[in-house]
Each structure stands twice: as C-alpha cells, then as structure tokens.
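Here are a few exercises to work through with the coordinates open in your viewer. Try each task before you read its solution.

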Amino acid sequence: MSRVIKKFFIASMVMWIAPVAILYGFNNHIFPGTSKLSSSSQTLVSGFLAVISVNLVIVLYIIMAIKEPGSNMEHQPDPAFLAEAKASINQPAAVTPDDNAQTREKAE
C-alpha cells in the first residue's frame, strides 16, 4: 500500500512542478529560442506545453496503475451462499391453497 501512495505522491508533485517549470522557463527566457517569440506567442506556447506536460503525467500514472500487479487469487463466492442458492433452485416451489385462491380472484 505504501508503494501506491509513494507513486501517487510522486505523480502529484511532478504534475505541479512540470507546468510551473515550463512557465518559469518561458517567462525568464531559459529555454533557447524563447526570446525570439512575441509576448502573446510565448504565453500561448508555454501554456500549451504546460497543459501537455500535465496530461503526460496523468497518462504515465494510469499506465503505471494498469501495470501494477493485482492479487493473484481469484475471488471465490461464499460457500454458505452457494449452498443456499443450490438448495433454493432444487427445492420445488411451495404453493399454499390460500395463495392460489387469491391469484384466481385477482385474475377474474
């Protein structure tokens, strides 16, 4: 269980750090070629890349969750429930005379 929490925590941190780092890098001209972009282009590109980075983190987290090994045991139904179910199937339906009379009166 702690492994799952650790993966979730790391994915959450990367989901916050990656877009902030991308926005910071574009606004402070850390990435090469960003100084040649206009202000509006720089804002659009940095926002677009920040959104893509969050989506990539989500996809990677989902892939890790799918690949995580589950329990090797298959789920088995409760034996007491199975016995009751089999007994109720094999048992003939008991119809009382009162129930049968009520059914006929409703049908008429």
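**Exercise 1: Place a tryptophan**

Trp16 sits in helix α1. Keep in mind that this is a predicted model. Is Trp16 buried or exposed, and which nonpolar surface patch does Trp16 help make?

*Solution.* Start with the cut-off: a residue is called exposed when its relative accessible area is over 50%. Trp16 comes out at 64%, so Trp16 is exposed. Next, look at the company Trp16 keeps: together with Phe9, Ile10, Met13, Val14 and Ile17, Trp16 makes a nonpolar surface patch of about 660 Å².

**Exercise 2: Check a helix length**

Take helix α2, residues 39-67, and work out what span its 29 residues should have.

*Solution.* The rule is 1.5 Å times one less than the number of residues. For the 29 residues of α2 that gives an expected span of 42 Å. Now compare with the model: the end C-alpha atoms of α2 are 42 Å apart, which agrees with the expected span.

**Exercise 3: Find the buried side of α2**

Which residues of α2 are buried, and what covers them?

*Solution.* Filter for relative accessible area under 20%. Within α2, that picks out Gln42, Ser46, Ala50, Ser53 and Val57. Then ask what lies over them: the cover includes α1, residues 2-27.

**Exercise 4: Pair up the rings**

How many aromatic pairs does a search of the whole structure find, and what geometry do Phe8 and Tyr61 have?

*Solution.* The search turns up two aromatic pairs. One of them joins Phe8 and Tyr61, with ring centres 6.1 Å apart and 65 degrees between the planes. An angle over 60 degrees counts as edge-to-face, so that is the label for Phe8 and Tyr61. Phe8 belongs to helix α1 and Tyr61 to helix α2, so the pair ties together parts 53 residues apart in sequence. As for accessibility, Phe8 has a relative value of 49% and so counts as partly exposed. Tyr61, at 27%, is partly exposed too.

**Exercise 5: Zoom out**

What secondary structure does the protein chain have, and what percentage of its 108 residues count as buried?

*Solution.* Count the elements and you get four helices and zero strands, running α-α-α-α from the N terminus. Of the 108 residues, 12% count as buried. The chain exposes about 9,400 Å², and carbon and sulfur atoms supply 67% of that area. Last, take the contacts with a separation of 6 or more: residues 24 or more positions apart account for 61% of them.

Notes
Residues are numbered from 1 along each chain as its sequence is written. This is a predicted model: local features need pLDDT of at least 70, side-chain atom pairs count only at pLDDT 80 or more; totals for chains, interfaces and linings use all residues. Side-chain values use heavy atoms; hydrogens and water are left out. Helices (H or I, at least four residues) and strands (E, at least two) are DSSP runs, numbered from the N terminus. Buried means under 20% relative accessible area, exposed over 50%, partly exposed in between (1.4 Å probe, protein chains only). Contact means heavy atoms within 4.5 Å. Patches are made of residues with over 30% relative accessible area and no salt bridge: like charges are joined within 9 Å, nonpolar side chains (Val, Leu, Ile, Met, Phe, Trp, Tyr) within 5 Å. Accessible areas come from the Shrake-Rupley method with a 1.4 Å probe; for residues, only the protein chains shown count as cover. A salt bridge is a side-chain nitrogen of Lys or Arg within 4 Å of a carboxyl oxygen of Asp or Glu. Rings of Phe, Tyr and Trp (its six-membered ring) pair if their centres lie within 6.5 Å; planes under 30 degrees apart count as stacked, over 60 as edge-to-face and the rest as tilted.
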